[in-house]
Each structure stands twice: as structure tokens, then as C-alpha cells.
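Reader: Could you please take me through this structure step by step? I am a first-year student, and I would like to ask questions as we go.

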Amino acid sequence: MKILKVMEIVIEMLFPQRCPCCDELLDEEEKKWGFCKRCRKKRHLVSGNFCLKCGKQLVKEQQEYCGDCKKTEHSFREGRGVYVYDNTMRPAMYRFKYGNRRCYGRIFASDAKKRWGTWLSRVQPDVICPVPMYERKKRKRGYNQARVWAAALGKELDLPVDEAALRRVRGTRPQKELNPAARAANLRNAFYVDPARVRGKRILLADDIYTTGATADEASEKLMEAGAREVFVFCICTGAEG
Ligand SMILES: [Zn+2]
Ligand SMILES: [Zn+2]
């Protein structure tokens, strides 16, 4: 035990905790929140008026659904995001994805529980499934950020995580390079679901950022086809519309 404590101190000295948004060192009080004082004020938890279907932040009053959900039929039941994907959260997501800052997962999951605890107790997911990354890409990058997010959520919410239920069976081009129509085509037949692992279950599909919902839709469709009872999408960040 003593050795573990010493190791913890050494790790803290080598890699002191920094703010996910601005990368500044955190003081003792800020460590409790996971963000520095300034960014804690600046980052926006999705709140007030949000799309009842996909969870996107809405700015206009008395609007129930975002423009996209008004015209598109999604294959998931509901989606929610923890933070608005804005200039404060963008660098945090970049480091979480490409900068090996897997430690952010715990901070995001803690805010997720605080913000969406009530929703989660209504949804009652049986299992969390991360949106998978193609194996070759994962080897190159070292890890899949959706999986880190799912694992942190599982710990925070005391829910099982199944990484083998939903698999990516072929590589795809990065979605951000494509227009909406090309995004859907790009993902066709990219996922495989093991029916035995999802049949009759309520799935919480964990992904990092919700934009057009193309990935969430394609993965949810496959999960539903394989016999899942319902799919709910849970992202760290989501866009705003208004
Ligand atoms: Zn900061
Ligand atoms: Zn929506």
C-alpha cells in the first residue's frame, strides 16, 4: 500500500492535473471540479431548452425539436450530451481524442451523472456500448476515446460495459470530411452486432461528440436489428442550434 501511495505522489509530480479546456495547472479546490475556475464558468452543460429527441442545445424559446430531428427519423430512442461543443470544450475534446488525456473520462462522467442522473434513472440502461473504432485505426492511435468514456461512465453509474457487442468491421473515412449524404453512405455496413449480447436489452450507446447523428443512427439501427429493446445515445459533447 505504501508503494502505491508513493507512486501516486510521483505520478502527480510528473503529470500534475490540468484543466481539460485550457491546460492550466489546477489548484487543490479546482481538482475537485476537474476544471479551472474560469473554464468551469465558461463551459456549458446542456441545459434549459434542448432537443427532446437528440439532446442538442436549442437557443430559441419554445422549440421542442431541432431542425434535423423535425425532418429525420432517428433509429435511437433519445440522445443526450453533457456539454455544448463550443470553443471552450473543443480543445478538451481534441486532447481527449488525440492527446492521450484519458484521465478526462472520469471528470466528464462525474458531470454526466450530475447533469443527467434523473434521465438515466428513467432510461434504466442494462449495458453501455461504446461506438467502436476500426482495429487498425485504434492500433495507430493507441486507444478509442469512446471506449474510455464508456468505461468511466460504467464506473460512475455502476453499469456494465460491453465492448464486444458492437464492432466495426471495416474502416471508414473521417465523418468530418464528408457532407451529410456522404456520411450515411460512408458508414453503411461498417458495424456488426452480436445478437446474443444485446437481445432484449436497453443499450446506452456512448460516443464522444454528437453532430449529425449519422454514426449514432447507423450503430443504433444495427443494434435494433440484432434485437436490442431500445437504444439511447449518450455523448460527452453535442452541438447547439439556434
Ligand atoms: Zn481552464
Ligand atoms: Zn434533435
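Author: Certainly. This is a predicted model. A good starting point is a pair of strands: S2 pairs with strand S7 (residues 230–238) in the parallel sense, over six bridges.

Reader: Which residue of S7 stands opposite Glu78?

Author: Glu78 stands opposite Phe232 in S7.

Reader: Is S2 enclosed or open?

Author: Strand S2 covers residues 78–84, and five of its seven residues are buried, so the rest of the structure largely encloses it.

Reader: What is the order of the strands in the sheet?

Author: The order is S2-S7-S6-S3, in an open sheet of four strands with parallel pairing. S2 and strand S3 (127–130) are the edge strands, each pairing on one side only. On average, neighbouring strands of this sheet are turned by 25° against each other, direction ignored.

Reader: And how many bridges join S6 and S7?

Author: Strand S6 (residues 202–210) and S7 pair over eight bridges, in the parallel sense. Within that pairing, Ile203 stands opposite Val231 in S7, and Tyr210 stands opposite Thr238 in S7.

Reader: What about S3 and S6, how many bridges are there?

Author: S3 and S6 pair in the parallel sense over four bridges. Val127 stands opposite Ile203 in S6. S6 itself is mostly covered, as eight of its nine residues are buried.

Reader: Now the helices, please. Which strands does H8 touch?

Author: Helix H8 (residues 145–157) packs on the sheet and touches S3, S6 and S7. The direction of H8 makes about 130° with that of S6. Another helix, H11 (residues 214–225), lies across S2, S6 and S7, and runs at about 165° to S6.

Reader: Which residues of H8 are buried?

Author: They are Gln145, Ala146, Arg147, Val148, Trp149, Ala150, Ala152, Leu153 and Leu157. These buried residues pack against helix H5 (90–98), H6, S3, S6 and S7.

Reader: How far apart are the end C-alpha atoms of H8?

Author: They are 18 Å apart, which agrees with the 18 Å that its 13 residues should span at 1.5 Å a residue. After H8 comes Asp158, whose phi is positive, near 60°.

Reader: What lies just before H8? I noticed Asn144 and wondered where it is.

Author: Asn144 lies in the loop between helix H7 (135–141) and H8.

Reader: Why does Asn144 count as buried?

Author: Asn144 has 21 C-beta neighbours inside 10 Å, so it counts as buried, the cut-off being 20 or more. Leaving out residues up to four places away in sequence, Asn144 touches Pro130, Pro132, Met133 and Lys138.

Reader: Let me change the topic. Is helix H1 buried or in the open?

Author: Of the 13 residues of H1, zero are buried, so this helix lies largely in the open. H1 covers residues 2–14 and reaches 18 Å from its first C-alpha to its last, close to the 18 Å expected at 1.5 Å a residue.

Reader: What are the domains of the protein chain?

Author: The domain assignment gives domain 1 (1–42) and domain 2 (44–241). Their C-alpha centres lie 27 Å apart. Five residues of domain 1 are in contact with nine residues of domain 2.

Reader: Which residues of the largest nonpolar core touch the most other members?

Author: That core has 57 residues, and those touching the most other members are Phe108, Trp149, Leu153, Leu205, Ala206, Val233 and Ile236. Domain 1 and domain 2 both give residues to this core, so it lies between them.

Reader: What does Phe108 touch?

Author: Apart from residues up to four places away in sequence, Phe108 touches Val82, Trp149, Ala152 and Ile236.

Reader: One last residue: where is Ser110, and is Ser110 buried or partly exposed?

Author: Ser110 lies in helix H6 (residues 104–123). Ser110 has 17 other C-beta atoms within 10 Å, so it is partly exposed. Setting aside neighbours within four places in sequence, Ser110 is in contact with Gly34 and Glu156. Ser110 and Trp33 are 77 residues apart along the chain, and their C-alpha atoms are separated by 9.0 Å.

How values were computed: Residues are numbered from 1 along each chain as its sequence is written. Chains are lettered from A and ligands numbered from 1 in the order in which they are written. This is a predicted model: local features need pLDDT of at least 70, side-chain atom pairs count only at pLDDT 80 or more; totals for chains, interfaces and linings use all residues. A nonpolar core is a set of buried Ala, Val, Leu, Ile, Met, Phe, Trp, Tyr and Cys residues joined through C-beta atoms within 7 Å. A residue is buried if 20 or more other C-beta atoms lie within 10 Å of its own, exposed if 12 or fewer, and partly exposed in between; C-beta atoms are placed from the backbone. Domain bounds come from an automatic or database domain assignment. Two residues are in contact if their C-beta atoms, placed from the backbone, lie within 7 Å. Helices (H or I, at least four residues) and strands (E, at least two) are DSSP runs, numbered from the N terminus. Two strands pair if DSSP finds at least two bridges between them. The expected span of a helix is 1.5 Å times one less than its number of residues. Axes are lines fitted to C-alpha atoms, for helices over the stretch in contact, and angles run from 0 to 180 degrees between N-to-C directions.
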